[in-house]
Every structure is written in structure tokens, then in C-alpha cells.
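The following report describes surface exposure, salt bridges and a pocket in one protein chain, with the rules behind each term given where the term comes up.

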Amino acid sequence: MDTLTTPHGGGQPLLHQKGAETQAFGTLKQLPIGLGHDTRMYACQRLNRVLADTQILYSLYKKHHWLMRGATFYSLHLMLDKHAEAQLAVVDALAERIQSLGGVAVGDPRHVAELTSIPRPPNGVEPVPVMLSRLLDAHERILTDARDAAARISAEGDEGSTDLLVSDVIRKGEAQVWFLAEHLVDTPLVHG
């Protein structure tokens, strides 16, 4: 008996399936979480902007982690990887919050590129201080937007999203900025 023609396919995966989109980006499904449609819609829009920028920041951290050079290579290589891991956790938390509000989290890198406010870096290697400055600029853009979003979302009564923005995006971002900025202080490696 042919396993492809047996009932239930004989364990054969049902490959190459296609179907219509079940929820469009920018729409909400109703969930009983005690927040109105407009509040949830606004929060999803703002969180998706922060999410897109945070996904780009994560990618920049990984790129610069791989391309690090010079006397501080090892310490920066490890630090940037640690920061990338922390940003990936923030990406996941933001996406899950959007989903819990009934929205659709931006996930496709091509869509992220359309939404981000962070400028695209060159494809090649930049000097180490430029790479670190690029990361600091990305953080500042995210922190500015996250602060504004947190204030406005809080005014709408969505304390869950506000807490996420303040606790994960802002506090973690500020700590990472501190670590990055200290690597740009002009101190010689060797005193002669």
C-alpha cells in the first residue's frame, strides 16, 4: 500500500501548504484584557516601532561583534555579544506583548527595514569607534522613542506596555549605553 495515498498520509508531512493571511499587520483581534480597542491599537503601533528598531539594534550588535578589531578586540567582542543576547530578549518580550494585546508583531526582516528609524550602516567594516558610535546612536533613537511611547501609553492606561518599555527597553538600553560610551573615552592603553 502506498503511504502517500493512505488515509492520514501514513505520517507524511503535508508539505508546500498555502493559505490566506489570517490577521493583517496593523489590525487587532479582540482579547478580554480590560483595555479598549484604541488603547491597544496605539500601543501596538508604538511597540512595533520600538520592536523594529530593537531588531536592527540586535543585528548591529551581531555585525559589530563579528567585525571587531584592535587591541580591545576580545573584551569588545564578548561585550557586544552579551549586549546582543540582551537585545534579543527585549525583541522577544516586545513581540509577545504586541501579540498579547491582539496585534501582529513585525517579524520579517524586510518589513523591519521599512519601519526602522535607524540608518543602514555600510556593508563593510568601519573603524571601531565608528561602530561603537553607531550603536550609541541606535540606542539613543530607541530610548527617545521608548520614553515618549511609555508616557503616552501610560496616559492611555496600558501599564503592562509601559512597564515593558521602562523596565526592559529603557533600563537595559541605558546600561548598555554606559558600557559602550566608556569604550570611547580617550585614555591611552599604555602610559609612556
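Buried means under 20% relative accessible area, exposed means over 50%, and partly exposed lies in between, with a 1.4 Å probe and only the protein chains taken into account. The model is predicted, so that local features need pLDDT of at least 70 and side-chain atom pairs count only at pLDDT 80 or more, while totals for chains, interfaces and linings use all residues. Residues are numbered from 1 along each chain as its sequence is written, and side-chain values use heavy atoms, with hydrogens and water left out.

**Surface residues**

Phenylalanine 73 has a relative accessible area of 32% and is therefore partly exposed. It lies in helix α2, which spans residues 73-100; helices here are DSSP runs of H or I with at least four residues, numbered from the N terminus. Together with Tyr74 and Leu78, Phe73 makes a nonpolar surface patch of about 310 Å². Such a patch is built from residues with over 30% relative accessible area and no salt bridge, nonpolar side chains (Val, Leu, Ile, Met, Phe, Trp, Tyr) being joined within 5 Å, and the areas come from the Shrake-Rupley method with a 1.4 Å probe.

Lysine 82 also lies in helix α2 and, with a relative accessible area of 62%, is exposed. Between lysine 82 and histidine 65 there are 9.5 Å in space, C-alpha to C-alpha, although the two are 17 residues apart in sequence.

Histidine 16, in the segment before α1, is exposed because its relative accessible area is 73%. Its phi is near 60 degrees, which is a positive value in a residue other than glycine. Most residues other than glycine have a negative phi.

**Salt bridges**

A salt bridge is counted when a side-chain nitrogen of Lys or Arg comes within 4 Å of a carboxyl oxygen of Asp or Glu, and by this rule there are ten. Three of them are set out below.

| Salt bridge | Closest N to O distance |
|---|---|
| Arginine 46 and aspartate 148 | 2.9 Å |
| Arginine 97 and aspartate 158 | 2.6 Å |
| Aspartate 148 and arginine 152 | 2.9 Å |

Arginine 97 lies in helix α2 and aspartate 158 in the loop between α4 and α5 (159-182), so this pair ties together parts that are 61 residues apart in sequence. Both arginine 97 and aspartate 158 are buried.

Aspartate 148 takes part in a salt bridge with arginine 46 and in another with arginine 152. The second of these pairs stays inside helix α4, where aspartate 148 and arginine 152 are four residues apart, about one turn of the helix. Arginine 152 is partly exposed, with a relative accessible area of 45%. Salt bridges with shared partners join Arg46, Arg49, Asp145, Asp148 and Arg152 into one network. Within that network, arginine 46 is buried at a relative accessible area of 5%, whereas aspartate 148, at 31%, counts as partly exposed.

**The largest pocket**

A pocket is an open set of points on a 1 Å grid over the protein atoms alone, where a 1.4 Å probe fits and protein lies on both sides within 12 Å along at least five of seven lines; lining residues have an atom within 4 Å of a point. The largest pocket has a volume of about 250 Å³, and its lining includes Ile56, Lys63, Arg120 and Asn123. Helix α1 (residues 37-67) gives the most to this lining, with four residues.

Key
Points joined across faces, edges and corners; volume = space filled by probe spheres on them. Helix = DSSP H or I, 4+ residues; strand = E, 2+ residues; numbered from the N terminus. Patch = residues over 30% accessible without salt bridge, like charges linked within 9 Å, V, L, I, M, F, W, Y side chains within 5 Å.
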